[in-house]
Amino acid sequence: MPRKIKPLVVVRPPFDLIQPRPVTVLPAEDAMLGAVQFEVKLDGVRAAAWRGPEGVELWSRRQHQLTSRYPEIVPALNAALPVGTTLDGEICAWNGTRLDFHQLLRSPANRQASGVALSFVTGGRDLQPG
């Protein structure tokens, strides 16, 4: 019989996200010990998506609920994420030609009327299970 693995860490919102720091020059590959990660900053809203038993919740890096501000991406995240999964990423708006931060400031109804599509972009930092 397979052995059930107990999670080491249970992650439930609200929680702290990794806080990025801007740099102007990347250090040499061997300049730092340990894990260092560099990412391109997208023109979006930083968020965590947590898939609980009742569905996905979106949280800001300052631990504010974002689910009601960006409800149009929740169904896709509900379908894609197993219960207990947490993803750190960015909510981005595509206006047909480019990422458009200003669309993220509009209401969901206004975005829908304008045909703006939202995406949740993640670098694959899966903080599962929990």
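How exposed or buried does Glu72 count at its relative accessibility? At 32%, Glu72 counts as partly exposed; the term covers values between buried (under 20% relative accessible area) and exposed (over 50%), with a 1.4 Å probe and protein chains only.

This is a predicted model, in which local features need pLDDT of at least 70, side-chain atom pairs count only at pLDDT 80 or more, and totals for chains, interfaces and linings use all residues. Residues are numbered from 1 along each chain as its sequence is written, and side-chain values use heavy atoms, with hydrogens and water left out.

**View 1. Salt bridge between Arg111 and Glu72.** The two side chains meet at 2.7 Å, N to O. Arg111 sits in helix α3 (residues 108-114), and Glu72 in the loop between β2 (55-60) and α1, so the pair ties together parts that are 39 residues apart in sequence. Helices (H or I, at least four residues) and strands (E, at least two) are DSSP runs, numbered from the N terminus. Arg111 is buried, at 0% relative accessibility. A salt bridge here is a side-chain nitrogen of Lys or Arg within 4 Å of a carboxyl oxygen of Asp or Glu. The structure holds 2 of them.

**View 2. Salt bridge between Asp88 and Arg46.** The N to O distance is 2.8 Å. Asp88 belongs to strand β3 and Arg46 to strand β1 (residues 45-52), so the pair links parts that are 42 residues apart in sequence. Asp88 is buried at 3% relative accessibility. Arg46 is also buried, with a relative accessible area of 16%.

**View 3. Glu90 and the backbone of Gly44.** Glu90 is found in strand β3. Glu90 counts as buried, at 9% relative accessibility. A polar atom of the Glu90 side chain lies 3.1 Å from the backbone nitrogen of Gly44.

**View 4. Val83 and its partners in sequence-distant positions.** Val83 lies in the loop between α1 (74-80) and β3 (86-94). Beyond its neighbours within four places in sequence, Val83 is in contact (heavy atoms within 4.5 Å) with Arg51, Gly52 and Pro53. Val83 and Pro53 are 30 residues apart along the chain, with 5.9 Å between their C-alpha atoms.

**View 5. Confidence along the chain.** pLDDT is the predictor's confidence in each residue, from 0 to 100. The chain mean is 80, and 72% of residues reach 70 or more. Among the elements, helix α2 (residues 101-104) has the highest mean, 94, and strand β4 (residues 117-126) the lowest, 75. Over residues 125-130, pLDDT stays under 50. The model has 25 contacts beyond four places in sequence for residues 125-130.

Key:
Polar contact = N/O pair within 3.5 Å; in protein donor to acceptor, adjacent residues only side chain to side chain.
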